[in-house]
Number of protein chains: 2
Amino acid sequence: MTDTIISSATREAVIGFERPFTIIGERINPTGRKVLAAEMKEGDYSRVEADAKAQIAAGAHILDVNAGIPLADEPKILAEIIQLIQGFTDMPLCIDSSIVEALEAGLNVYQGKALVNSVTGEDEQMERVLPLVKKHGAAVVAISNDETGISQDPDVRFDVAKKIVERAADYGIPACDVVVDPLVMPIGAINSSGLQVFKLIHRLRTELKVNTTCGASNISFGLPNRDGINGAFLSMAIQAGMTSAIANPMHTEVIAATLGADVMMGRDPDCMNWIQRFREAPAEGEGRGRRAGGRRRRA
Amino acid sequence: MTDTIISSATREAVIGFERPFTIIGERINPTGRKVLAAEMKEGDYSRVEADAKAQIAAGAHILDVNAGIPLADEPKILAEIIQLIQGFTDMPLCIDSSIVEALEAGLNVYQGKALVNSVTGEDEQMERVLPLVKKHGAAVVAISNDETGISQDPDVRFDVAKKIVERAADYGIPACDVVVDPLVMPIGAINSSGLQVFKLIHRLRTELKVNTTCGASNISFGLPNRDGINGAFLSMAIQAGMTSAIANPMHTEVIAATLGADVMMGRDPDCMNWIQRFREAPAEGEGRGRRAGGRRRRA
C-alpha cells in the first residue's frame, strides 16, 4: 500500500492504493487556449482564478498549474499564478512545466509539498529535476519515456519508470513520492493501447509499488464522443490499479466514471461521495451547496 | 474461448469471450410498467412493437421478451408477442419467464435457437427447464441461486453455477449453451457487491469457461444517477470478463460504457463500431441512418 501525500500550507491530498481516486484538474494550462494564453502573458489572471474555482467546485482534488506560453516569461508567470491561487484556496497544486527554471520558480514560492510535473527518464532531465524535487521535499510525476522516445512496448516503458524510481532513490526521494505516468496513447491510432496501459499500470502497482497518473483524455484523441471513451477508460484504468489522473473535472463523464469506479472498488463507504455528488436538489429551505456539479454536462 | 450462438431463422448473435459485448435489450417486460401490462393483457401489442424497434435502432443485439402479468394468460401472450416480433425483425430473442409453461409456449413458436431466461440451481426447476432447453436446441441463462436463496459468498454462488452447468451436461446441453448470471446485488446496500461480482465473473470465465450475463441495472438500485453507476459497472464488468448483459440500450450511458469497453479491450478494430455510433451528423446529402442513437440521452 503506497500513499503519496501532496499538500498546501493547510490541506493534504493523498494519492493512494486504497484511497478514492484523485483527480488533478487540468484546466489551468494555456496550451491550445489562445485567449487564456494572451491574458496570462499580459498579467491578467482572472480566467486562471475562475478556472481554479470552477474545478474545485466540480470535484478536483489537486490543481495542475501550467504557464507554458511561447515567448513569455514562464518562470515569472508560473510563480505569480501559484501565489495567486494559494491566496484564495488551500487546494494542493501540481507545478507543471517542461522548463526546469519554471519548476524552480514555482517551487520557490509554493507553500506546502507540491507535485512536480514532470521528469522523464532522460539523464539530463533527471540530473536537473530530481535534486530540485529533493531540495523542496516535493513529489514528482515520472513520465516513462527517455532519450529513445516513447516505446510501443509496455515492458520497455516499465523499465524506464523503474530507472526513474531508482534514480530518484539515489537523490533521496522515496518511491512513494514518485507518481508514474505510463503514457496513454490514442486508441484510435493504436488499438492495443488500452490493454497495454492496463497491463503497465498493474505492473507499476504490483512490482514497483508506485502510484500512477496519466493525461486521461489522450486515449480518445481523434475519436467522436471523447467524453464517452474517456469515461470507459477511467473506470477500467482504476480497476487495473491507476490511482490518479490529470483530467477535466468539469466533464460529468469524468466525475461519474471515477466516483462510480470508487463505488465499485469498495472505496466509497455507503456510497456517500456518490450520493452527495448526485443526489437530487433538496427541497426549498434545506441544505444547499452540493448541487453545483451535479447534473450539468460542461461548465 | 467460448461462443454461445443465439439465432432467429436468418440471423445469429454470438456471445463470446473475444467478441464485442452483447446487449440483451430489457424493455419488453411489463414488470413495473403498468400501461404496458394493461395493454398486453388486452392483446394490444403496439407498444411491444415500438419498444422492439427502438431497442434495435439503439444497438441491442438480442431482445429479451417477458410477458409476466399477474392474472393474465402468460403462455398465450408470450407466444403471441414472439410471433409478432419475429414477423418484423430477424433479431434473435431471449424468452424470459419464471413459468415453465410460458417458456414452453414461447419455444414452441420460436423460429431459431432461443436463449431461455432462466433456470436456477433449484432441483425441481432444473428438472423441468433443462429438458425443454435440450428438446428445442436452445441456450439457457443459469442464475446462481438455489433452494437456500442467494448466497452473499461469491464462492457459494460459483458452486451453484457449476452445479447447473454439470446438470445441463447430464441433459446433453454443452457448457457453451449455458450463460451464467452471477447475480448483481445493489451496491448501495452491499458495498462489496462490485468486487464480489467481478471476482465471480473472472472465476466463471477462467474455471467454468462459460459466458456470463446479468441484470446490469440492479447494481444501482436506490442510488441517484443510476445511469452513471450502471456505466462504470458495465465497463469494469467487461474488463473482468463479462460477455453480455440484460440492459436498456436506449440509455446512452449503457451504449457508451459497453462500446467504450470494447474499444479498450481491443475488440473494436479501428474503432469502427464506436465511430459509426458516435460520429457527428454527416453533411447534407450524405449517408444517414446511424445518427438516431448518437447523442440522445433517453428515447
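Q: Where does A:Asp270 sit in this one?
A: In this predicted model, A:Asp270 is in the loop of chain A that runs between α9 (252–264) and α10 (272–278).

Q: And what is phi for A:Asp270?
A: Phi is near 55° there, which is a positive value in a residue that isn't glycine.

Q: While we're on backbone geometry, which peptide bond in chain A is cis?
A: One that is cis runs from A:Asn117 to A:Ser118, and its omega is near 20°. A:Ser118 belongs to strand β6 of chain A.

Q: What joins B:Asn117 and B:Ser118 over in chain B?
A: A cis peptide bond again, with omega at about 20°. B:Ser118 is found in strand β6 of chain B, residues 115–119.

Q: OK, pockets. How much space lies in the largest one?
A: About 1,100 Å³. Its lining is made by 41 residues, and those closest to the centre are A:Glu26, A:Asn29, A:Ser217, A:Asn218 and A:Ile246.

Q: Which elements give two or more residues to that lining?
A: In chain A they are the strands β3 (22–28), β4 (62–66), β6 (115–119), β7 (139–143) and β10 (244–247), plus the helix α8 (226–240). The largest share is from α8(A), which supplies 4 residues.

Q: How does the lining of the largest pocket break down by class?
A: You get 16 nonpolar, 15 polar and 10 charged residues.

Q: And the second largest pocket, how much space is in that?
A: About 920 Å³. There are 37 lining residues, with B:Glu26, B:Asn29, B:Ser217, B:Asn218 and B:Ile246 nearest the centre.

Q: Which elements of chain B give two or more residues to it?
A: β3 (22–28), β4 (62–66), β7 (139–143), α8 (226–240), β10 (244–247) and α9 (252–264) of chain B do. Of these, α8(B) gives the most, with 4 residues.

Q: What are the classes in the lining of the second largest pocket?
A: By class there are 10 nonpolar, 14 polar and 13 charged residues.

Q: Let's switch to the interface. How many residues of chain B are in contact with chain A?
A: On the chain B side 36 residues are in contact, and they meet 36 residues of chain A.

Q: What's the area buried between the two chains?
A: It comes to about 3,000 Å², with carbon and sulfur atoms giving 67% of it.

Q: Which three residues of chain B supply more of the buried area than any other three?
A: B:Asn225, B:Met236 and B:Met264. Together they supply 23% of what chain B buries against chain A.

Q: How many salt bridges are there between chain B and chain A?
A: The count is 0. There are, however, 8 residue pairs in polar contact across the interface, with both residues at pLDDT 80 or more.

Q: Which elements give two or more residues to the side of chain B that touches chain A?
A: They are α7 (193–208), α8, α9 and α10 (272–278) of chain B. The most comes from α8(B), with 8 residues.

Q: And the classes on that side of chain B? What are they?
A: The side that touches chain A has 22 nonpolar, 9 polar and 5 charged residues.

Q: Back to salt bridges, then. How many turn up over all chains?
A: Searching the whole structure gives 30. One of them pairs A:Asp51 with A:Arg33, whose closest N and O atoms are 2.9 Å apart.

Q: Where are A:Asp51 and A:Arg33 along the chain?
A: A:Asp51 is in helix α2 (residues 46–58) of chain A, while A:Arg33 is in the loop between β3 and α1 (34–41). The two are 18 residues apart, and the pair links distant parts of the chain.

How values were computed:
Residues numbered from 1 in each chain as written. Chains lettered and ligands numbered in written order. Predicted model: local features only at pLDDT ≥ 70, side-chain atom pairs only at ≥ 80, totals over all residues. Heavy atoms only, no water. 1 Å grid on protein atoms, 1.4 Å probe; cavity = no way out; pocket = protein on both sides within 12 Å on 5 of 7 lines; lining within 4 Å. Points joined across faces, edges and corners; volume = space filled by probe spheres on them. Nonpolar A, V, L, I, M, F, W, Y, C, P; charged D, E, K, R; others polar. Contact = heavy atoms within 4.5 Å. Buried area = accessible area lost by both parts, 1.4 Å probe. Salt bridge = Lys/Arg side-chain N within 4 Å of Asp/Glu carboxyl O. Polar contact = N/O pair within 3.5 Å; in protein donor to acceptor, adjacent residues only side chain to side chain.
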